[in-house]
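Biologist: I would like to go through this structure and hear the grounds for each label.
Modeller: Ask away.

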Amino acid sequence: MRSRDLNNMGHRRVLSSVKARASRRGATIVEFVVVFGVFLTFILSFLDLGLILFRKQVLADASDRVARYAATHGSLSTPASHQLGPHAIRESASGRSHIARIASTALVTMRPERTGVSLRWPDGDNRAGERVQVTVSYANDAIFPFLWGRSSRELRETTTARILR
């Protein structure tokens, strides 16, 4: 073989080696994009789920606060203008009533106008020893709706308490 043929063979090996490395580099980038996409989807869905769980806890706290207030404002409370029940009450937490103000103070990360508060007396009366049931609900928008299949979901928490007076 001539020296010229040997040089051409060396260049061919180098070129094929460079092409192989470039091909592997391209495959690595594609693998990274796929794995990173899956990883990012998991992280975003966990963030969204964490916010939903946090908001459910906040709704439970608001429900407890309103139930405490309702339990101490039954038929024996004075003045009579502060008595609640036995007729069902349903309103927004952005309202001007005392119930709306109590609920709205607990609503961290939530808009009061999207939050509903309802009170009902399952035993039919607001006398001491009877029950009051408070439900607080919120129209929650998902941060990443493409992960859950829908953009809005109603979150709801209910507390039942015995009327004290």
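Biologist: What makes strand β3 mostly covered?
Modeller: This is a predicted model. In β3, residues 131–141, 8 of the 11 residues are buried. Buried means under 20% relative accessible area. For the protein, 30% of the 165 residues count as buried.

Biologist: How do you know that strand β2 and β3 pair?
Modeller: Two strands pair if at least two bridges are found between them. Strand β2, residues 115–120, and β3 have 6 bridges, in the antiparallel sense. The count of 6 meets the cut-off of at least two, so the strands are called paired.

Biologist: And what makes β3 and strand β4 a pair?
Modeller: β3 and β4, residues 152–162, have 11 bridges, also antiparallel. At least two bridges are needed, therefore the term pair applies here as well.

Biologist: Which residues are the bridge partners of Q133?
Modeller: R120 has Q133 in β3 as its bridge partner, and Q133 has T160 in β4.

Biologist: Why is F36 called partly exposed?
Modeller: The relative accessibility of F36 is 40%. Buried is under 20% and exposed is over 50%, with partly exposed in between, so F36 counts as partly exposed.

Biologist: Where does F36 sit, and what makes it eligible for a nonpolar surface patch?
Modeller: F36 is in helix α1, residues 3–71. Patch residues need over 30% relative accessible area, and F36 has 40%. The patch, about 780 Å², also includes I29, F32 and L47.

Methods
Residues numbered from 1 in each chain as written. Predicted model: local features only at pLDDT ≥ 70, side-chain atom pairs only at ≥ 80, totals over all residues. Heavy atoms only, no water. Patch = residues over 30% accessible without salt bridge, like charges linked within 9 Å, V, L, I, M, F, W, Y side chains within 5 Å. Areas by Shrake-Rupley, 256 points an atom, 1.4 Å probe, with all protein chains shown as cover. Salt bridge = Lys/Arg side-chain N within 4 Å of Asp/Glu carboxyl O. Helix = DSSP H or I, 4+ residues; strand = E, 2+ residues; numbered from the N terminus. Buried < 20%, exposed > 50% of the residue type's maximum accessible area, 1.4 Å probe, protein only.
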